[in-house]
Amino acid sequence: MRNFRHMIKEQTPLYIFVAVLFLVGVVFGALIVSALTMDQQQELSDYLGNFFMTVDQHGLPAAPESFWSIAGLHLKWIGLIWILGLSVIGLPGILVLDFLKGVLIGFTVGCLVSQYSWHGLLFALVSVAPHNLVVIPALLVCSAAAIAFSLLMIRSRVTARRPLRVGRPFAMYTLLSFVMALLILGVSSFETWVTPTMMRWVTPSLVQSAAEYNGQ
């Protein structure tokens, strides 16, 4: 436990760095929405309208298949970050993944807000925010640990006069990634069985908002 506290303290600048990179991605993703053409915005509006109509009428399936699909998507991010952290050349890839995750979040929320105003914001709060309050920190923790281990490998191979022992840092890095993966499994359960219900609570207001907009 003391080793983990020491590792987290040492990696605090990396946590700040990856968090800022993620936030830059969020802003960039939100800006992309405003750069869409009128045709693209119309296509997006039609897609969202059909999606909300389906959710309002039929809901979303909450089944073990959905759970493994959702969990698998999140675990792929963690697994890819872990793999990239094992190699020196994978360091830029970790930064790209953090930025890309921010872009996806920013674009999703930006689309909802631009199309449905505060109704879209409410939908984002119940569908995007809850599980990402855990998923995003878990991914950023994994990213910081991966960057730290990758930098250690660089020092070991390039700058160190003699090879550094990487066995213990590797074990702690892998254990941390495994703990984050378990946390992701728990959050995926919430996203599978709770989030669809919360989404169905707010979709009637979005369907009504879309109908009023189309009727104008």
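Q: Hey, which helix does Leu-176 lie in?
A: Leu-176 is in helix 7, which covers residues 167-193. Keep in mind that this is a predicted model.

Q: Is Leu-176 buried or exposed?
A: Leu-176 counts as buried, because its relative accessibility is 9% and the cut-off for buried is under 20%.

Q: And which other helix 7 residues are buried?
A: Quite a list: besides Leu-176, there are Met-172, Tyr-173, Ser-177, Met-180, Ala-181, Ile-184, Val-187, Ser-188, Glu-191 and Thr-192.

Q: How far does helix 7 reach from its first C-alpha to its last?
A: Helix 7 reaches 40 Å with its 27 residues, close to the 39 Å expected at 1.5 Å a residue.

Q: Back to Leu-176 for a sec. What separates its C-alpha from the one in Ala-138?
A: Those two C-alpha atoms are 9.8 Å from each other, while the residues sit 38 apart along the chain.

Q: New topic: how many cavities of 30 Å³ or more does a search of the whole structure find?
A: The search turns up 1. The largest cavity has a volume of about 50 Å³.

Q: Which helices each supply at least two residues of its lining?
A: Helix 4 (64-85), helix 5 (91-127) and helix 6 (129-159) do.

Q: Cool, and which residues line the largest cavity?
A: Phe-22, Trp-77, Ile-81, Leu-97, Asp-98, Lys-101, Ile-136, Leu-139 and Leu-140.

Q: What does that lining look like by class?
A: The lining of the largest cavity has 7 nonpolar residues, 2 charged ones and no polar ones.

Key:
Residues numbered from 1 in each chain as written. Predicted model: local features only at pLDDT ≥ 70, side-chain atom pairs only at ≥ 80, totals over all residues. Heavy atoms only, no water. Helix = DSSP H or I, 4+ residues; strand = E, 2+ residues; numbered from the N terminus. Buried < 20%, exposed > 50% of the residue type's maximum accessible area, 1.4 Å probe, protein only. 1 Å grid on protein atoms, 1.4 Å probe; cavity = no way out; pocket = protein on both sides within 12 Å on 5 of 7 lines; lining within 4 Å. Points joined across faces, edges and corners; volume = space filled by probe spheres on them. Nonpolar A, V, L, I, M, F, W, Y, C, P; charged D, E, K, R; others polar. Expected span 1.5 Å × (residues − 1).
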